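Here are my notes for a colleague opening this structure for the first time. Please keep the 3D view open and go point by point.

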Amino acid sequence: MPLAQPINIPTRSPSNSFSKPYSPTNPYGSGGITYSPPGGYFAGTGSVASGRPEKVLHPFATGELRLLLLENINQGAVQSFKDEGFQVDFHTRAFSEDELLDKIHLYHAIGIRSKTKITEKVIKAATKLLVIGCFCIGTNQVDLNAAAAAGIPVFNSPFSNSRSVAELVMAEVIGLSRQLHDRTREMRDGVWNKVSKGCYEVRGKTLGIIGYGHIGTQLSVLAEAFGMRVLYYDVLPLMPLGSATQVENLDDLLGLSDCVTLHVPELPETKMMISGPQLAKFKKGSYLINNSRGSVVDIPALIDAIKSKHLAGCALDVYPHEPGANGKPFDNQLNSFATALRALPNVILTPHIGGSTEEAQRMIGVEVSTALTRYLRFGATTGAVNFPEVDLRAITADQTNFIRVCHVHVNQPGVLRQVNEILSDFNVEKQYSDSKGSIAYLMADISGVSESDVQAIYERISKTRANIITRLLT
């Protein structure tokens with residue numbers, strides 16, 4: 001069934017600015033801070049509660065919605081956008097800033113993974129852009145403040161690849177404990193080296209998890225199934241799964257763990273959180289695993305800790321600077337420590353593949369494509385990382401002469417009064433607004449609207465002093 005479509009040419013006020021910096025509630029990615037509105041994630045896409053079919057909505061303005069999808073996003077997501085009737089341009093690689101500046105003005109939505117950087121400069125050039133989808137966990141590749149100031153919500157998939165990452169960590173725990181990387185390399189070089197010295201079972205050992213969110217909790221369960229003792233550190237007090245134990249400070253976890261694994265986002269609070277002083281507190285002969293962000297570990301200090309045999313090895317999946325495409329070199333020009341890191345014994349290096357499984361990419365594709373479609377078709381922002389979360393139940397088939405107003409504006413006094421004065425000649429069936437920092441978002445369903453009224457409502461609201469973007473769904 002076709003869904004609603006928005007006006008294709010957004011109206012922005014370039015003087016608007018985002019005065020308060022975006023700051024997440026929990027810098028360590030705890031699983032206890034997600035928000036789900038009444039009615040569930042899909043509350044805006046149908047009339048499940050009433051049992052009545054949803055109304056087939058039509059666009060206020062004609063024209064195709066164009067989507068730019070980069071970095072080989074899952075084909076299921078690509079097809080879902082095409083099934084919605086969007087015009088899709090698909091590329092397997094990341095775009096540079098110059099390429100984006102040249103093309104972004106053509107598109108109403110963009111989907112990326114972790115390599116494409118959407119900077120403030122790109123956002124200013126994106127005159128039609130309505131929404132950004134990050135088909136991955138993180139959003140640090142997007143200037144969230146600039147996007148919000150331009151009225152552009154950003155969606156991601158923070159939990160869909162949790163299981164894939166957790167399984168990779170367990171493989172790395174065993175691989176380090178058994179020196180599998182070195183033995184494999186030796187066999188490939190034609191050397192038979194059957195040894196047991198320095199190789200251990202993981203049963204009975206202690207795994208220290210930094211960041212007890214969705215990945216950390218799944219990893220906790222897997223580790224206990226292998227007979228490991230689990231300790232975890234998080235900035236919030238969190239209920240453990242199984243027999244895991246929360247420790248009060250990071251130093252305690254480092255000194256008690258046979259293997260330490262990091263699962264934190266990239267924030268000022270987590271940058272270089274594992275450096276020389278912290279590495280000195282590690283248990284002698286222990287291991288470090290980092291599948292979170294390349295900025296959280298001081299890799300030159302880690303190299304020194306392994307060379308001195310204080311640490312027995314490490315596994316790294318992320319790095320401060322990563323190649324922009326497959327086949328590009330991972331060398332000293334990219335990271336000055338690359339040669340020294342590659343030469344270390346018992347070190348597992350992988351190219352940011354923590355969430356790179358068919359299952360994870362399929363789930364990410366479904367979640368993010370659904371979120372983008374719901375925003376473009378219905379105006380719903382539930383799950384946006386930089387934007388007020390607003391949603392309304394669907395207009396039903398028996399509700400005629402309805403329009404949906406989606407009004408992004410600067411969060412300042414008097415806006416609702418001004419908008420409601422414009423809508424005062426009509427019946428406001430339902431209305432909801434919310435704000436986040438300097439950005440506010442209003443959704444309202446209006447009945448008793450004739451075709452001649454639609455253009456007048458759009459023009460009057462879009463000319464209000466606080467307007468950033470106004471869209472009408474009819």
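1. Start at the end of helix α10. The residue to find is K309, which follows α10. Its phi is positive, near 70 degrees. Most residues other than glycine have a negative phi. Keep in mind that this is a predicted model.

2. Now look at α10 itself, which covers residues 299-307. Which of its residues are buried? They are I299, A301, L302, I303, A305 and I306. An α-helix has 3.6 residues a turn, so residues three or four places apart point the same way. The buried residues of α10 pack against two helices, α9 (276-280) and α11 (338-342). They also pack against the strands β10 (286-290), β11 (311-316) and β12 (347-349).

3. Two more residues deserve a check of the backbone. N72 is not a glycine, yet its phi is positive, about 60 degrees. N72 belongs to the loop between β1 (66-69) and α1. Its relative accessible area is 42%, so N72 is partly exposed. Q179 is likewise not a glycine and has a positive phi, of about 55 degrees. Q179 sits in the loop between α5 and α6. Is Q179 buried or exposed? It counts as buried, because its relative accessibility is 15% and the cut-off for buried is under 20%.

4. Stay with Q179 and turn to Y200. In sequence the two are 21 residues apart. In space their C-alpha atoms are 9.0 Å apart. Y200 lies in the loop between α6 (180-188) and β6 (206-210). Y200 is partly exposed, because its relative accessible area is 47%. Which residues does Y200 contact, leaving aside its neighbours within four places in sequence? They are S177, R178, K205 and Y287.

5. Y287 also leads to C259, since both Y200 and C259 are in contact with Y287. C259 is part of strand β9, residues 259-262. With a relative accessible area of 3%, C259 is buried. Leaving aside neighbours within four places in sequence, the contacts of C259 are V173, T206, L207, G208, Y287 and I289. V173 is 86 residues from C259 in sequence. The C-alpha atoms of V173 and C259 are 7.3 Å apart in space.

6. Next, the packing of helices. Two packed helices are described by the angle between their axes and the distance between the axes. Take α5 (residues 162-177) and α7 (residues 214-225). The angle is about 45 degrees, and the axes are 8 Å apart. That angle makes α5 oblique to α7. The crossing is right-handed. On the α5 side, the residues that meet α7 are S162, R163, V165, A166, E167, V169 and M170. On the α7 side they are H214, I215, Q218, L219, L222 and A223.

7. Set beside this the pair α1 (residues 75-83) and α12 (residues 358-378). Here the angle is about 25 degrees, with the axes 8 Å apart. The two helices are therefore roughly parallel to each other. This crossing is right-handed. A77, S80 and F81 of α1 make the contact with G365, S369, L372 and T373 of α12.

8. Then the aromatic rings. The structure holds six aromatic pairs. Which residues do ring pairs link into a cluster? They are F155, Y375, F387 and Y441. One of them, Y375, has R471 over its face. R471 is at 4.3 Å from the ring centre.

9. F387 gives a second lead. In sequence, S438 and F387 are 51 residues apart. Their C-alpha atoms are 9.9 Å apart in space. S438 is placed in the loop between β14 (427-436) and β15 (439-447). S438 counts as buried, because its relative accessibility is 9%.

10. Last, the chain as a whole. It has 474 residues, and 52% of them count as buried. Its secondary structure comes to 14 helices and 16 strands. Consider the contacts with a separation of 6 or more. Of these, 69% are between residues 24 or more positions apart.

How values were computed:
Residues numbered from 1 in each chain as written. Predicted model: local features only at pLDDT ≥ 70, side-chain atom pairs only at ≥ 80, totals over all residues. Heavy atoms only, no water. Phe/Tyr/Trp six-rings, centres within 6.5 Å; stacked < 30°, edge-to-face > 60°. Lys NZ or Arg CZ within 6 Å of the ring centre and 35° of its normal. Buried < 20%, exposed > 50% of the residue type's maximum accessible area, 1.4 Å probe, protein only. Helix = DSSP H or I, 4+ residues; strand = E, 2+ residues; numbered from the N terminus. Contact = heavy atoms within 4.5 Å. Axes fitted to C-alpha atoms, helices over the stretch in contact; angles between N-to-C directions. Parallel < 35°, antiparallel > 145°, perpendicular 65-115°, else oblique. Left-handed = near helix turned anticlockwise from the far one by under 90°.
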